[in-house]
Every structure is written in C-alpha cells, then in structure tokens.
Amino acid sequence: MSKDTLYVGLDTDKKHIDVALAEELPGGEVRYWGKIANEASAVARLVKRLQAGGRPLEMCYEAGPCGYGLHRLLNGKPGVRCRVVAPSMTPRRPGDRVKTNRRDSIALARLLRAGELTAVWVPDATHEAMRDLVRGRGAGVADLVRCRQRIAGFLLRQDIRYAGKPWTKKHRVWLGQLVPARALPAHRLMLGEALQALDEATARRDRLTDHIAERVPDWSLAWLVDALQALRGFALINAATVAVEIGDPRRFAKPSQLMAYLGLVPSEHSTGNSVRRGGLTKTGNGHTRKALIEAAWTYSRPARAPRGSARHPPAVAAIATKACHRLSLRYRRLTNTRGKRPVIAVAAIARELSGFVWAIAHAAGPAAATPERSTQR
C-alpha cells in the first residue's frame, strides 16, 4: 500500500475545478485528472477517491475571487494539506502563449511538487469578515469621490465657481440652494439627482465607519489597531486597514520582509558590473500600501508629539515619538538637501514607516500570542 504523497493542482472558477495530479517519486507522472463541480459535495468525493490507500494529499489553488472557502474545506479533512498560492509569484514560461484551465492545473501540480510556489497568508473567517467590512468602507469612499467629481464637472461646464473650501457643510448648503441661471430643466433635474446620490454616499461612508468602530473592540487584533493609532497619520480607519490586510506583523521575522511584502522596496535589474534600480516593486497588498502612503504625507510637516500618545504604553509611545522626529527630519533631508521630488520622498518615508509598524506590533502585542515566523506573502 503506497503512502507516497500525491500532489494535486486545482484551477478554480465560478462553476468548475480542474484537477491535475503529480506523483511524488522523482520523474513521477504528471497528468490531468478531470473536472469537477465547484461544490462541497463534489470536493469531498474527489478527496475520498484520491486518498484511496491512505495517501496524504498536498493540494493548492491560486488566490482569486472564489475566496478561501475551498482552503478551509480541504484543510478540515484528515490527511489533506491545502495551500493558496500567489498568482503573481507563479513561475511562467515567457514563450508560453496558450493558457487554459487544464494546462494551469497541470502546471500547479508540477510546481507544487517542485516546491516552486509561494503560499499566501490565509485569514480566519472572523478576520476575513473584518477585512470585507473595512474594504466595503473603502468602496463607499470611492463612490463618494465619484459623486463629487460628477458634481464638480457639472459646475465647471456651467461656469459656476465656489469661493470657499469645497465639500464642507457650508458648501453642501450652497449646493442645495444653487439654481443655475442658464441651466435647462434637464440640468436642474440632473443636479438634484447628483446631490441625492452625494448625500446617500456620505451617509453610507459614515455608517460603515461607525460599524468598524463598533466591531474593532471585540476583534482579536484590537490591540494592534489601538497601538498603531499612536503613530502620526494613523487614525481608526488607517490602523484598521493595516491590521485587516496584513494581520499580525509579528509573523514577519524582520522589518525588511514586511517592506518587501508591501511592495515598498525598489525594483532591480542588475547583471555583471551593471547595477540598475528602478521604482517601487508595488507587489503584495495595495490596500496597505495606500494607507501607508497616506500616513507618510503627514510627516512632510514639522515634527510634533503624536496626539494621544499618553494613553499608550511607554514602549509604544517611545516608538511613535521616535518615528515622528526621524521621519519628519528624513523627509526634509530628502526634499531640501538631496532635491528629491515630494512623491519620491513620501515613498521612502512609507517604507521606513512600515518598519515602525513592525516595531510597535512587537512592543504592544501579547507575548503568549506571538505567531510563528512565516515566509508566506
């Protein structure tokens, strides 16, 4: 009875899963097994058939819109280990111009056996729900921005200008009382609908913000959200965004791993004696990178004591104070002394700021809950 591990590559879509198998033996066969329905019962039957003889299964599929339900289902079965792999890190032949689900599943099985795939970090169900809530607020903010852009574009076409600061309460009152002199009836109707959409988007954003504030205290990473707010540029939403997207930063062995995970390190194309470095790699999680860039802009202003630092533990407050002075000074040196453009300087500040996020997690995190070091993305 063979106990050799069987490597299984799964290519998933909305309705089906293509399955390929790779034997463990060196030079073992790699073959396409077939296609099954993307349903729990069909997956259970697949596992039962492949485990005939008690063979352990190593399975994988690429991260995508189908989420982590299949991962949790498979890992809940004895003798099965499933990984979710990063599509951007999957090796591909430059000259291969044919892509099908069948070929992808065979490639996944072969690469899994060779150890060439990079697994992603998979949150638990509660963490994923918090992530969806925070991302939902981000989508609400994007809707609000689009509503504002439509109204601003209409006013520009009608040559109507507002003298004060836009999108304040005073500005909203002005918009409600606005009756364009040269506007046709259709324009007045359109403006009324646009203002109603603006109010609905604003209300949705505020509701989601309240929901996040309500749910965070009961979450397992509430301590991280609270500690990150000691840093300048981190209020509730930015802190919650970082926490839901990367989880516990202590799973990274050193800050440079976190920086690379967030795509905040420079790209490089060097050969021989030629060393060429380019812009940021921008790999990994874009939501966290955006939050860090937004926070980094606050360090373009002169250093000052972070607000509310007194309510944090002394170790956390000391890290936040050090970050404030160091990063503000670094921004001035990059822009004034070295002549870097502000956007370039802010990217460098965001990279170093992620290191302070890592340090604060180690200073504030429960010692008994320190996660295992991980090389997952």
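A residue counts as buried when its relative accessible area is under 20%, as exposed when that area is over 50%, and as partly exposed in between. The legends below use these words for a predicted model.

**Figure 1. The whole chain, shown as an overview of the predicted model.** The secondary structure of the chain comes to 12 helices and seven strands, and the C-alpha atoms fill a box of roughly 85 × 55 × 50 Å, taken along the principal axes. Of the 377 residues in the chain, 41% are buried. Among contacts between residues at least 6 apart in sequence, 64% join residues that are at least 24 apart.

**Figure 2. Close-up of E39, in the loop between β3 (30-37) and α1 (40-50).** With a relative accessibility of 48%, E39 falls between the two cut-offs and therefore counts as partly exposed. Although E39 and L70 are 31 residues apart in sequence, their C-alpha atoms are 9.0 Å apart in space.

**Figure 3. Close-up of T90, in the loop between β5 (80-85) and α3 (101-114).** The relative accessible area of T90 is 9%, so this residue counts as buried. When residues up to four places away in sequence are not counted, T90 touches E62, L111 and L117.

**Figure 4. Close-up of R301, in the loop between α10 (286-296) and α11 (314-337).** R301 has a relative accessible area of 44% and is therefore partly exposed. Leaving aside neighbours within four places in sequence, R301 is in contact with R232 and S328. The C-alpha atoms of R301 and L327 are separated by 10.0 Å, while the two residues lie 26 residues apart along the chain.

**Figure 5. Close-up of the packing of helix α5 (residues 169-176) and helix α6 (residues 185-215).** The two helices pack at an angle of about 150 degrees, and their axes are 11 Å apart. Because angles over 145 degrees count as roughly antiparallel, α5 and α6 are described as roughly antiparallel to each other. The crossing in which α5 passes α6 is left-handed. On the α5 side the contact involves R172, L175 and G176, which meet L195, L198 and D199 in α6. Sorted by class, the residues of this contact are three nonpolar, one polar and two charged.

**Figure 6. Close-up of the packing of α6 and helix α8 (residues 236-246).** Here the angle between the helices is about 65 degrees, and the axes are 11 Å apart. The crossing of α6 and α8 is left-handed. The contact is made by T209, I212 and A213 of α6 together with L236, I237 and A240 of α8. These residues divide into five nonpolar, one polar and no charged.

**Figure 7. Close-up of two cysteines, C66 and C324.** A disulfide is a covalent bond between the sulfur atoms of two cysteines. The structure holds zero disulfides. C66 is in no disulfide, and the nearest cysteine sulfur, which belongs to C82, is 12 Å away. The relative accessibility of C66 is 39%, so C66 counts as partly exposed, whereas C324, at 0% relative accessibility, counts as buried.

Note on methods. Residues numbered from 1 in each chain as written. Predicted model: local features only at pLDDT ≥ 70, side-chain atom pairs only at ≥ 80, totals over all residues. Heavy atoms only, no water. Axes fitted to C-alpha atoms, helices over the stretch in contact; angles between N-to-C directions. Helix = DSSP H or I, 4+ residues; strand = E, 2+ residues; numbered from the N terminus. Parallel < 35°, antiparallel > 145°, perpendicular 65-115°, else oblique. Left-handed = near helix turned anticlockwise from the far one by under 90°. Contact = heavy atoms within 4.5 Å. Nonpolar A, V, L, I, M, F, W, Y, C, P; charged D, E, K, R; others polar. Disulfide = S-S within 2.5 Å. Buried < 20%, exposed > 50% of the residue type's maximum accessible area, 1.4 Å probe, protein only.
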